[in-house]
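Subject: Structure handover and notes

Dear colleague,

Please find below the structure that I said I would pass on, together with its sequence. My notes on what was found follow underneath.

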Amino acid sequence: MSATFDCDGCGEETPTDKRYRYLRPNQPDDEGEPVTDELCPRCSTGKDSSRLFRADEDLTGGDSGA
């Protein structure tokens, strides 16, 4: 059974290996981790592709495989 997340766009439960992360354009300039939205493939469509990325745990389904 693969790990899941709730899409920040539609709220639908989606497997993490299908997760896209979207870097919000209104990021504060001060230090700290960037704020991202976690989106399903459907909600990521139409977003600025230069702000979409996949994290390692997204590509591996949340399991390091070690």
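A term needed straight away is the polar contact, which here is a pair of N or O atoms within 3.5 Å, where, within protein, one must be able to donate a hydrogen and the other to accept it, and where residues adjacent in sequence count only if both atoms are side-chain atoms. By that criterion, the side chain of Arg-19 makes a polar contact with the side chain of Glu-38, at 3.4 Å.

Please bear in mind that this is a predicted model, in which local features need pLDDT of at least 70 and side-chain atom pairs count only at pLDDT 80 or more, while totals for chains, interfaces and linings use all residues. Residues are numbered from 1 along each chain as its sequence is written, and side-chain values use heavy atoms, with hydrogens and water left out.

To begin with the overall layout, the chain holds two helices and five strands, which follow one another from the N terminus as β-β-β-β-α-β-α; these are DSSP runs numbered from the N terminus, with helices being H or I of at least four residues and strands being E of at least two. Three of the strands form an open sheet in the order 4-3-5, with antiparallel pairing, where two strands are taken to pair if DSSP finds at least two bridges between them. Strand 4 (36-39) and strand 5 (52-53) stand at the edges and have a single partner strand each, so one side of each is left without a neighbour in the sheet. Strand 3 and strand 4 are joined antiparallel over four bridges, with Tyr-20 standing opposite Leu-39 in strand 4, whereas two bridges join strand 3 (residues 20-23) to strand 5, where the bridge partner of Tyr-22 is Leu-52.

To return to Arg-19, this residue lies in the loop between strand 2 (13-15) and strand 3, and it counts as buried because its relative accessibility is 8%, the cut-offs being under 20% relative accessible area for buried, over 50% for exposed and partly exposed in between, with a 1.4 Å probe and protein chains only. Not counting residues up to four places away in sequence, Arg-19 touches Phe-5, Glu-38, Leu-39, Arg-54, Glu-57 and Asp-58, a contact being heavy atoms within 4.5 Å. The C-alpha atoms of Arg-19 and Arg-54 are 7.1 Å apart, although 35 residues separate them along the chain.

Asp-58, in helix 2 (residues 56-59), counts as buried because its relative accessibility is 0%. The side chain of Asp-58 makes a polar contact with that of Arg-21 at 2.9 Å, and, leaving aside neighbours within four places in sequence, Asp-58 is in contact with Thr-16, Asp-17, Arg-19 and Arg-21.

The largest nonpolar core has six residues, namely Phe-5, Cys-7, Tyr-22, Leu-39, Cys-40 and Cys-43; such a core is a set of buried Ala, Val, Leu, Ile, Met, Phe, Trp, Tyr and Cys residues joined through side-chain atoms within 4.5 Å. Of the 66 residues of the chain, 23% count as buried.

Finally, two rings have a charge over them, which requires NZ of Lys or CZ of Arg within 6 Å of the ring centre and within 35 degrees of the ring normal. Lys-47 lies over the face of Tyr-22, at 4.8 Å from the ring centre, and the charged end of Arg-54 sits over the ring of Tyr-20, 4.6 Å from its centre.

With best wishes
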